[in-house]
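Work through these exercises with the structure open beside you. Try each task before reading its solution.

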Amino acid sequence: GIEEVSATTTFTIAPKTITTTLTQNSGVYNGTAHTPGVNFNDLCENETLAKGTDYTVEYSDNTNVGTVDVTVTLLNHNYSFGFEEDGTPKYTKELPYEITEAVPTVKLEPTPKKNLFYTGSAQELITAGATDDGTIQYRLGENGEWRTTIPTATNVGAYTVYYKVEGDKNHNNSEETSVSVTIEKATPTAKNFTFTSPENLTYDGNVKTAIVEANTDITGMGA
């Protein structure tokens, strides 16, 4: 008769190699966490992968400017991201995502001070601005130095004050902007002068002349 023979063999079905990309590779800083999505390529026909069921996505520091490491891990082991040299499937893939610097905003614009008149002392030319995106710096005229203090001037004249935002780690530096300011001539009053009467005020037919002297530095004052 015919003897029945049976045999058992073991074989392995290897996962299909796929690739993954981010839905976008960069974004501008906005103060919130960036969570780009992922795309999968080369899946079997009519198949899709569901987040949380077939794969997970984790992000390193994804709020501040810099490179974010996006880690994609496959939970569905019918697919892999290739194989190690020893044949072990790769189920994890890291993708870089860049958060770039934003343009700073000025929440309170510096404004020129009004009704400035010569006093003989230095006066601030503008009101201070404000920003949450860095530090506002000021410069008096085109050749002045950038400083964080408000520019001042003493003498009568027209002045131009420039300002800009020196961005913090998450913001670029802004373009410079300028405002114009004028210190007007002051009107002298009697207290600015000393009046000396002639010694002889008895009528003698001659013109009597009083002596008028400025008792302060009145440079910049006008009639």
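**Exercise 1. In what order do the strands of the open sheet with β3 and β5 stand, and what is the pairing?**

This is a predicted model. Start with the order: four strands line up as β3-β8-β6-β5. The sheet is open, and its pairing is mixed. Next, look at the edges. β3 (26-28) and β5 (55-59) each have a single partner strand, so one side of each has no neighbour in the sheet. Then take the twist, which averages 25 degrees from one strand to the next.

Now go to one pair inside this order. Strand β6 (residues 66-74) and strand β8 (residues 92-100) are antiparallel partners, joined over 8 bridges. To find a point on this pairing, pick Asp69: Pro96 in β8 stands opposite.

**Exercise 2. Find the open sheet that holds β10 and β13, and describe its edges.**

The order here is β10-β16-β15-β13. Again there are 4 strands, with mixed pairing. The edge strands are β10 (116-117) and β13 (134-140), and each pairs on one side only.

Follow β13 inward. Its partner is strand β15 (residues 157-167), in the antiparallel sense, over 7 bridges. One position to check is Thr135, which faces Glu166 in β15.

**Exercise 3. Along strand β2, which side chains are buried and which are not?**

Recall the rule first. In a regular strand, side chains alternate between the two faces of the sheet. Apply it to β2 (residues 19-22). Thr20 and Leu22 point to one face and are buried. Thr19 and Thr21 point to the other face and are not buried.

Then find the partner strand. β2 runs antiparallel to strand β4 (residues 38-41), with 4 bridges between them. Thr19 has Asn41 in β4 as its bridge partner.

**Exercise 4. How many salt bridges are there, and which parts of the chain does the pair Asp132 and Lys107 tie together?**

Begin with the principle. Side chains of opposite charge can pair when their charged atoms come close. The cut-off is 4 Å between a side-chain nitrogen of Lys or Arg and a carboxyl oxygen of Asp or Glu. By this rule the count is 4.

Take Asp132 and Lys107. Their closest N and O atoms are 3.1 Å apart, so the pair passes the 4 Å test. Asp132 sits in the loop between β12 (126-127) and β13, and Lys107 in the loop between β8 and β9 (111-112), so the salt bridge ties together parts 25 residues apart in sequence. Both residues are exposed.

**Exercise 5. Work out where the salt bridge of Lys113 lies, and how accessible its two residues are.**

The partner of Lys113 is Glu124, with the closest N and O atoms 3.7 Å apart. Lys113 lies in the loop between β9 and β10, while Glu124 belongs to strand β11 (residues 123-124). The two are 11 residues apart.

Now classify them. Lys113 has 32% relative accessibility, so it counts as partly exposed. Glu124 has 39%, so it also counts as partly exposed.

**Exercise 6. Is Arg139 buried or exposed, and what does it pair with?**

Pairing comes first: Arg139 forms a salt bridge with Glu176, and the closest N and O atoms are 3.3 Å apart. Place both residues. Arg139 is in strand β13, and Glu176 is in the loop between β15 and β16 (177-184), 37 residues apart.

Finish with accessibility. Arg139 has 11% relative accessibility, so it counts as buried. Glu176, at 40%, counts as partly exposed.

Terms used:
Residues are numbered from 1 along each chain as its sequence is written. This is a predicted model: local features need pLDDT of at least 70, side-chain atom pairs count only at pLDDT 80 or more; totals for chains, interfaces and linings use all residues. Side-chain values use heavy atoms; hydrogens and water are left out. Two strands pair if DSSP finds at least two bridges between them. Buried means under 20% relative accessible area, exposed over 50%, partly exposed in between (1.4 Å probe, protein chains only). Axes are lines fitted to C-alpha atoms, for helices over the stretch in contact, and angles run from 0 to 180 degrees between N-to-C directions.
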